[in-house]
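These are my notes from a session with a two-chain model. I went from strand pairing to the chain contact, then to backbone angles and overall dimensions.

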Amino acid sequence: MRIVFSIAMTIVSLAVLAALQATTPPYAMLTGPIKTTGRQADVVAGTMFSARVKQVQKVRTLVWDQFGRAVERQSSGTWVVFSAELQAMRETLPVRGATVIGASGRLYRQSRRADSAPNVLSAKLVQPGLPTTGIFIFEMPEEETRDMELVLSRQYGPQLEDELGIRLEQNGIVSRDRLEIGKNGL
Amino acid sequence: MLKAISRKANKALLAKVLAGIGGFIAAAISLGYSLYEKRQADIIPQVAAAAPIEAGRWKVSLNAGAIGSELPNGSRVSSGKQAIVIDMTLENLSAESSNIYRDLVRLQGIPNPPMPQYYLVRDKDVLWDMQPMMPEAVKAVWQVPADLKLPDVLKVKVDGAQFKPRDNLYAAPGWFSSGSVAQVALPLAKTPVVTEIKP
C-alpha cells in the first residue's frame, strides 16, 4: 500500500514539475517589448511615443535624388511606402525599428536599399512636442501585402520598451507605377 | 562463517566485474558513435554548379566563378589584390529579413580567406538585408593577394544553419550552425585584367 502511494506521489509530482516547466515564460518573452496595437485610423500611443499612419502606397519604381543624381530602384516584388507622423512623449528619441508583418506572418524590415532616400523617418530624431512626419520604405513580395501590420519601436528587438503595432486598412492602399520622393516628402 | 565471508567476497567481486564490463561497453559505444559521426561529417554531398542548395536558412545556387580586378559596383580592387567573384542566386528561407549570409559560402584551399563582400546585381551596390521569399542575383567578392596562385577549379563549401524554436540559454528562437551541407567545384573564369591607370 505504502509503495503504491509513493509511486503515485512520484508520478503526480513529475506531472506538476513538467507542467511548471512547460508553462514557464521564456526569458526572451519576460524581457520582450511592451506592445500596444491599434488601427490605422487611430493614433496609436505607447508610453514613449505615438504614431499615426497617414498613407500606404504600393510602388513599382522608386526615384529620388542623391547628391544631385537621380537614383532609381526597382524590386522583384513591390515597394511599400508608408507616410507616418510620430510624436515623442517626454524625451527625444529615434524610431529606428520598423518592421512589416506580412500576410504569411513573415517579418520584413525596412529596406536598406532605399535608406539614402530623403525624408526617411528612421534617420530622424523625434523631439517631444514636435510632430515629425516622414516615410518608411519596405520591399516585399506582392502577395504579402494582402494583410499587413506595421510594427514600430525605438530600435530593432526592443526590450521592456514600447512597441507599436498598427494594423493597416487594405482599401486605403494606393498603387502607383512610379513614385518620386522629394525633400519635403511625397 | 568462512563460507559466508567467501560468498560475500564473491558477490563484491561480481559487482566490480559487472561495473567494469558496463564501463567498457559505455566507452565502446561512445567511441563507435564518435567515429560514426566523424565519418558522417566527412561525407558532404557534391553538388553541381548552378544547382540549388538548401542550407536551412538560405537557398543558394552557385552559378559561376571568376577572377577579376573590378568589383561589381564598378570600382577597382585595391592594389596588390585580386578578386574572386562568385555569381549566385540567394534566397532567404527564414521568416525574417536577414544579412547573416557571410558564413554561408566558404572557399577551400585558400589560406586565410577574407570575409566576402556581397553585391546586389540589380543595384550594382552593396547588399544589405535579404527579404524573405525574394530570391536575388548576387555576387560575392573575396579580395585575395594578387600573387596568390588560384586553381582553375575552385572548391567551395556551403554551410548550413538550423532553426531551434528554443535555444539552450534564453529559450528564444534562433538559427544555429549545422556544419557543411554541400560542396561545389566551381570553374574560375579569368576576366581580362584592366591595367591600372596611374594619375
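I began with A:Arg39, which stands opposite A:Arg167 in β11(A). The two strands concerned are β1(A) and β11 (residues 162-167) of chain A; I find six bridges between them, and they run parallel. The model is predicted, and I read every entry below with that in mind.

Next I followed the sheet outward from this pair. It is an open sheet of five strands in chain A, in the order β1-β11-β10-β6-β7, and its pairing is mixed. I noted the edges: β1 (34-39) and β7 of chain A each have a single partner strand, so one side of each lacks a neighbour in the sheet. From one strand to the next the twist averages 25 degrees.

I then turned to another pairing in chain A. β4(A) and β9(A) run antiparallel and are joined by nine bridges. Within this pair I looked up A:Glu85, whose bridge partner in β9(A) is A:Thr133. Is β9(A) enclosed or open to the outside? Seven of its nine residues are buried, so β9(A) is largely enclosed by the rest of the structure.

Entry on the contact between chains. Chain A gives 16 residues to it and chain B gives 14 residues. On the chain A side, α2 (27-30), β4 (69-88), β7 (107-109) and β9 (132-140) each supply at least two residues. I sorted that side by class and got seven nonpolar, three polar and six charged residues. Two of the contributing elements, β4(A) and β9(A), are the antiparallel partners noted above.

Entry on backbone angles. Most residues other than glycine have a negative phi, and I listed two with a positive value. A:Phe67 has a phi near 50 degrees. I placed A:Phe67 in the loop between β3 (49-66) and β4 of chain A. A:Phe67 counts as exposed because it has 6 C-beta neighbours inside 10 Å, and the limit for that class is 12 or fewer.

The other is B:Met133, with phi near 60 degrees. B:Met133 lies in the loop between β7 (125-126) and β8 (136-145) of chain B. I counted 18 C-beta neighbours inside 10 Å for B:Met133, so it goes down as partly exposed; a buried residue would need 20 or more.

Entry on chain A as a whole. I count two helices and 12 strands in chain A, and both helices come before the strands in the sequence. Its radius of gyration is 22 Å, where a compact globule of 186 residues would have one near 16 Å. The C-alpha trace of chain A spans about 90 × 40 × 30 Å along the principal axes. I put 31% of the 186 residues in the buried class. Among contacts in chain A between residues at least 6 apart in sequence, 76% join residues at least 24 apart.

Entry on chain B as a whole. Chain B has one helix and 10 strands, with the helix leading from the N terminus. I recorded a radius of gyration of 26 Å for chain B, against a value near 16 Å for a compact globule of 199 residues. Its C-alpha atoms fill a box of roughly 105 × 40 × 30 Å along the principal axes. Of the 199 residues of chain B, 20% are buried. For contacts in chain B with a separation of 6 or more, residues 24 or more positions apart account for 69%.

Technical notes:
Residues are numbered from 1 along each chain as its sequence is written. Chains are lettered from A and ligands numbered from 1 in the order in which they are written. This is a predicted model: local features need pLDDT of at least 70, side-chain atom pairs count only at pLDDT 80 or more; totals for chains, interfaces and linings use all residues. Helices (H or I, at least four residues) and strands (E, at least two) are DSSP runs, numbered from the N terminus. The radius of gyration is taken over C-alpha atoms; the globule rule is 2.2 Å times the number of residues to the power 0.38. Two residues are in contact if their C-beta atoms, placed from the backbone, lie within 7 Å. Ala, Val, Leu, Ile, Met, Phe, Trp, Tyr, Cys and Pro count as nonpolar, Asp, Glu, Lys and Arg as charged, and the others, Gly among them, as polar. Two strands pair if DSSP finds at least two bridges between them. Axes are lines fitted to C-alpha atoms, for helices over the stretch in contact, and angles run from 0 to 180 degrees between N-to-C directions.
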